[in-house]
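Load the model, colour it by chain, and keep a selection panel open. The stops below go from a pair of helices outward to whole chains and their contacts.

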Amino acid sequence: MKRLIACAAALAMLAAPGAWAQNFDDPEEFAKQREQLAMTPMGPEGMPWEQYLEDTMADTAQHAKEGPYTVCFSNAGVNNPWRVVGWNNMQAEVELHPEIAELVHVDAEGSDDKQIADISDLLAGGNCDILIVSPNTTAALTPAVERACEQLPVIVFDRGVNTDCPVTFIHPVGGYGFGIQGAEFVAENVEAGANVLMLRILPGVDVLETRYSAGRRIFEEAGINIAGAEFTDGDNAKTKSIVEDYIARGQIDAVWMDAGATAVAAIEAFEDSGLEVPVFVGEDQQDFLQKWQELGLTAIAPTYPTYQWRTPIIAAVRILEGEEVPGPEWVLPQPAITADNLDQYINEGMPPLHYAMCGCEEMPGYPERWGGR
Amino acid sequence: MSAVPPENPQGPPVLEMHDVSKSFPGVKALDRVSFHCRRGEVRALVGENGAGKSTLIKILSGVYQADEGTILLGAKEVHFAHPVESLAAGISVIYQEFSLLPDRTVADNIFLGREPVRRGMLDRARMWRETQESLSLFGADHGIDPGSVISELGVAQQQMVEIAKAVSLEARVVVMDEPTAALDENECEVLFGIIERLKARGTAVIYITHRMREVDRLADAVTVLKDGRVAAEFDHVPEASLIINAMVGRELRDFYPPAAGAEEIGEAILTVRGGGNDKLFSIDLELKAGEIAGFAGIQGAGRTALGRALFGIEPFTRGAMILEGKEVRFQSPRDAIRAGLTLVPGDRKAEGLLLMQSVTDNGMVSARAFARLLAGHGGSGRLSAQRMEELFGQMEVRAADYRQEIQFLSGGNQQKVVVARWLSLAPKVLIFIEPTRGVDVNAKAGIYNLMRELARGGAAIMMISSDLPEVLGVSDRILVMREGRIVAEHRRGVGEATVMADATGHTEAAA
Amino acid sequence: MSSETQDLNAVRARRRLPRINPIWFVLAALIVAIIVYNPNFVQPVGYMNFLKRAAPLAILAAGQIYVIVSGGFDLSVGSTITLTVIGSSMLLNNNPDATWWVILLMYAMGLAIGLTNGLVVSILKVPSLIATLGMMITLSGLALMWSGGAPRGYLPESFRYFGRANITDLPLINILPISLIVLAVVVCLLWWLMHRTNYGRLVHAVGDNPRAAVLAGVPLMRVRVSAFVISSLTAVTAGILLGGFAGVSTDVGRGFELQAITAAVLGGAQLLGGRGSVSATIAGALTLTAIFTLLNFVGLPQPVREVVQGLILISAVAYAMYRRRHAVH
Amino acid sequence: MSDAMLATRRSRIRFETIAPAVILLGAVAIYIGVVIASGQARYLSLENLVGVFNRSIALAITAIGQTFVILVASIDLSVAALISASAVLASVVMGGEPAMIVPAIAAVLVLGAIVGLANGLVVTKLEVNPLIATLGMALIIQGCLSAFVSNFAGSVPKDFQFFAYGIAFGLPVSLIFIGLLALLSWFVLRFTRFGANIYSVGGNREAARFAGIKTARVVIAAHVISSLCAATAGLYLASRLGSGAPWIGRDGMYDLESIAVVVIGGTVLAGGRGGIWGTIAGVLIFALIDSLFNIVGVDAFAKQVLRGVIIIAAVGFYAVRSQRMAA
């Protein structure tokens, strides 16, 4: 048994450098996103989904077309609550545009292979005026998107692709920005040398890895001790168990999470052990925001706004009408929820994992469409 | 029946085993056993279950390796590490449980593991041709197509395929382990004919059996094993009693229990009027309290189907069943058991035993399945493990420990446990299918006595067996079936010839 | 009732032959190792947290062993847990007064799932591996359809009580999680049912040789179906505990079916039926949880844990087969 | 040869052998019906049909291998992990270099052979239940893999993408590959000694052993074939996705889906009965259903429910019809 563990440990050591071979820790990108967080967005006030941070525009005159339009959407999947909220946003947005006759939606259920097939099916069908893609992974979908670009205008959002052929790529500031917002808050609220527990969902996902590397960089700069970095699989029970184990072993002064779906489980671990909840970084899920308010935590909720699901539809209509849109990248603002504006995001009628930064409050079907009452 | 074959070849033995010993943990299975067999000779190998016959054969075929001793084949010493090697050397064993693949064709099975290959591909044409050649041993109308799938053949036909396989292997020594266990009289005759032909070709046949009649009919020489040693060896076939004495070490008088007296036979418990289904036609039948009714017939005559119909496995679709004056209709064995019927299945391993469970659990399974029913009898019918074990004691079930898994018991003891399973339910009708298959001589008598005891207790016994002397010896009344119908009924004391004539529908079978 | 007295003698008889399942030694060794790495484990909070965490898996495995002994598999338990948690949150809608009838409804749902599994296997004769695989896919699809892909409601404290609350200030052990009481009750019940009643022996009989069991009068379909029902009901129980412990999510319960089977296998159960013990299965579940805890304390990364789990799974069965081969017959 | 063929034709056609074809015909009929009813007849073009089948190449390759293992009464749950590992290994070794294509393919096939050998040895020599053995193997592979890589790693050169995207003789190369693989498997199972041994060992392992067949070798060989097929499916996915990631096998559910497809195709889990064409029919059924869902626009969750029900119903369909007792 001992030998087995030793062997396994040796294996793990070997593995460690391998895991970091990919560059999720790019200082340039880090600096750029840090800068973007501080920018004042352009575009209409109070409608962040139509705002943009970078001032370059894509000309779309060549795509102008008579309506009504058939908009096609290849979705990576609705396999987590964030995507569920986003997908609801998008459907509601379509209802705001009478010029869209039909939204054809295919769901790849989280499989690259399937999404590639889906895109080629959509192209073969020949009905689409424009194609929106939310890629399951960047590299795998690149060839499929390239082929689509040859036939019709393409909009990519959330994750990008390794080509600049789409008319625009819509995304908020990004993972580094998310990591920066949370970690800076922790650094401001604890002493140097304090212990922070970093909870991560799973390794290898680009948008999560960048959050982590940014957080880690800031903690190291501020001299904060990282007590541990653990993967929770996004599982409540596992999260709670891990936090309980850390509590049993020593003082935890702050908890940083790369995504907030299991934040409440982590908080409960402190509650159930009869301890004060430390400085906490969550996300904009309703259950966390409510818990935060209820317990009066020192906390912050960086967001990866779900309102970005509205933008592709808006962009699609503009492109087909020949209006210019921000491009080749449409960088959306990425605000964090803080103690100052917490109240305005809390709505007890919404489901626990509803993402408060959805920009959907004024949309048709709110709140029922999003599962609220 | 002719007792001694016309000639007794005296050539050198084709097979010799000298001082073969084999031990298993805790058991000395074979103790310096010597054995031989000549060309063109049928040597009967007899002995009770557990006497060491199977071990000897498994050593011969390379399944086991002997601890001591030598094997000479054609005067050359051989060592078999695997059945393949013995096969290659010309020893072919036909086991009791067929080793045929049910979903493959006859040709596939005959060439199993040694398919001819031409240019990297199976040479199916050759397989086909040679299969037909091997089958031709059975005459022109064996009715087996090399392309038919085994599961679609009858038991006797499957056995023919096994033998054809041995023939196609050009085996010098063919071992048959109780080949007639699943055959009826007619099929036995066919088999005996085949064995004669094998003999004529110069093949040595080792014939394992429990049936003295077959030894009489077929063998040229006899070896008797008892407790892992050679108890007797004959270069001719002696009187049956001599063999039996050597087997059991004592004389077996009163092998069959006495018949029921007229006063012991009571009213009909179960009556069938015009019963029928896919396999059975216009069955009229009465099973009476205190009486053993024996059912004779050839394979496929419908005896087992009748037992299964009565027991609700494949129920009657026509006619009426009346149990103690009330009409009943069983759709499952459970219905039948609840009404007081029981069945001891013929294929013990597949249908009777829970191999991984203890002896006690095997005995108690039915009582447990009907615990509520038994409790309803005012609690007197309940069965405790202790009472079960006492019952085992009375029935002389021999086991080191009743908590031991039943797979480690001998066939006879296993059969007794299966019978014991029913006793706590106080059954009114007991159906026995092949009750002594794979059971040694000594234990057979025990089972016959048990059946008689149950009848005396007021139960109606239905016995289905392919062992005709057994049917005639045990039954008070003999019913003969043919093609799904009951064609004749006889009192005890009827001759084998008469019954065979009825069973086959040909009078010449009686000759 | 009759069964109790009936089997009493069998109990006495069996006690004469002490035979300890090796899994207990493995468990003991692992616990010693955990204590070496984390001396706090001997504190009540330490081991109580451990037991609390193991409770859902232990209960689930104790139900799974019924299906395994009866000769099948139940792969649908993981998604039954998901459906229980999601369903409860949807129905409760943050209304504590509804707790009892929602729990009752969830058990009714478990009953329906178990019945369906059992009937599909018994009547349609679909191999249980495929039948419950289909059920697994169907149920997780249903859970997602019902909720729209994300949890829609909270579980009130009254519901979460079973999985979350502790009785505190007790002498000696200081705290006692409610889930541990649930575990104890369920395990005692299932142990008694499997090893001290007629029904339990009939489950063994059916798994050992279904044809022989039918001919001996065992109601095959009833026994088989009830084994699936027991498994589904324990899944609902595990779901209530897991939902209570950690709240609502759409992937709660994922992977639990394989863990439950692993626990049973570690406890020496015979796949395809006929042999298995509830207590050894519980030991298997505790062992599995102890392995995870230990690996956690040792600080090995997740991938290594998977490798270790795989190796242990294979070696446990290989060892059992080795013992069976070399057992004196 | 000719009279041998005659003989098989003479024997009664058994229901199980035609059941997959019946279900496939049903699926095709429903597909055509729905497409016409919903007025989307353009989906009936040959091009589209090729596209439909092209969706399931990886599943088909895996399922062909799985057929061999199930025929010998074993099972392989390690295919999904192996697919991921192979795809990653292929794209890492290639690293975008056309010169490394051949070494990468060799490396992947060696990996497949090793995994298959290990599976087979554990199943035969240690006598571990195949379900447990391959499940354990899956965990080990997945663990080792995610210890080394956590995202897309390496990349395949454009030339190698010919496997997934290339067209030859007017048909996708991958489709031709599947056709050839299926033909080869059919030939091996039907016309070689090894194929006969596969059926014999699956039908009755003891009898096969007594007849001198080295049963352990046959089981090991079946596992090696299954693993080689899974490795090939990994190569295909690397070619299609341009790179390999440690989750592609798991996310594709190739382990459970390949088993489901084989069983729907009429191969019996207990071994000894079934064949490649049934499996291909099973894959086609899945592909048609998938495509149908997209045409009708069934939402992802309802899709899952329907898929579960279809698996049960399809297997139930002829399980009821065949007289054998289910395990």
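This is a predicted model. Start in chain C and select helices H7(C) and H8(C), which are roughly perpendicular to each other because their crossing angle falls in the range of 65 to 115 degrees. Helix H7 of chain C covers residues 157–164 and helix H8 of chain C covers residues 178–195; their axes cross at roughly 70° and come within 6 Å.

Now show side chains where the two helices touch. From H7(C), pick Tyr161(C), Phe162(C) and Gly163(C); from H8(C), pick Ile178(C), Ser179(C) and Val182(C). Sorted by class, this contact of H7(C) with H8(C) holds 4 nonpolar and 2 polar residues, with no charged residues.

Stay with chain C and bring in chain D. Among the 5 pairs of chains in contact, chains C and D share the most contacts. Chain D puts 38 residues into this contact, and chain C puts in 40 residues. On the side of chain D that touches chain C, select helix H7 (130–148), helix H14 (254–264) and helix H16 (300–321) of chain D; these are the elements that each give two or more residues. Colouring that side of chain D by class gives 28 nonpolar, 8 polar and 2 charged residues.

Next, hide chains C and D and select chain A. Its secondary structure consists of 12 helices and 13 strands. How far does the C-alpha trace of chain A span along its principal axes? The spans are about 65 × 50 × 35 Å. The radius of gyration of chain A is 21 Å, which agrees with the value near 21 Å for a compact globule of 373 residues. Colour chain A by burial: 58% of its 373 residues count as buried. For a contact map of chain A, take the contacts with a separation of 6 or more; 74% of these are between residues 24 or more positions apart.

Add chain B to the view without removing chain A. No contact joins chain A and chain B. To check the gap, find the closest C-alpha atoms of the two chains, which lie 33 Å apart.

Finish with chain B alone, coloured by its domain assignment. Domain 1 takes 14–90 + 171–248, domain 2 takes 267–340 + 427–510, and domain 3 takes 354–420. Place a marker at the C-alpha centre of domain 1 of chain B and another at that of domain 3 of chain B; the distance between these centres is 35 Å.

Technical notes
Residues are numbered from 1 along each chain as its sequence is written. Chains are lettered from A and ligands numbered from 1 in the order in which they are written. This is a predicted model: local features need pLDDT of at least 70, side-chain atom pairs count only at pLDDT 80 or more; totals for chains, interfaces and linings use all residues. Axes are lines fitted to C-alpha atoms, for helices over the stretch in contact, and angles run from 0 to 180 degrees between N-to-C directions. Helices (H or I, at least four residues) and strands (E, at least two) are DSSP runs, numbered from the N terminus. Angles under 35 degrees count as roughly parallel, over 145 as roughly antiparallel, 65 to 115 as roughly perpendicular and the rest as oblique. Two residues are in contact if their C-beta atoms, placed from the backbone, lie within 7 Å. Ala, Val, Leu, Ile, Met, Phe, Trp, Tyr, Cys and Pro count as nonpolar, Asp, Glu, Lys and Arg as charged, and the others, Gly among them, as polar. Domain bounds come from an automatic or database domain assignment. The radius of gyration is taken over C-alpha atoms; the globule rule is 2.2 Å times the number of residues to the power 0.38. A residue is buried if 20 or more other C-beta atoms lie within 10 Å of its own, exposed if 12 or fewer, and partly exposed in between; C-beta atoms are placed from the backbone.
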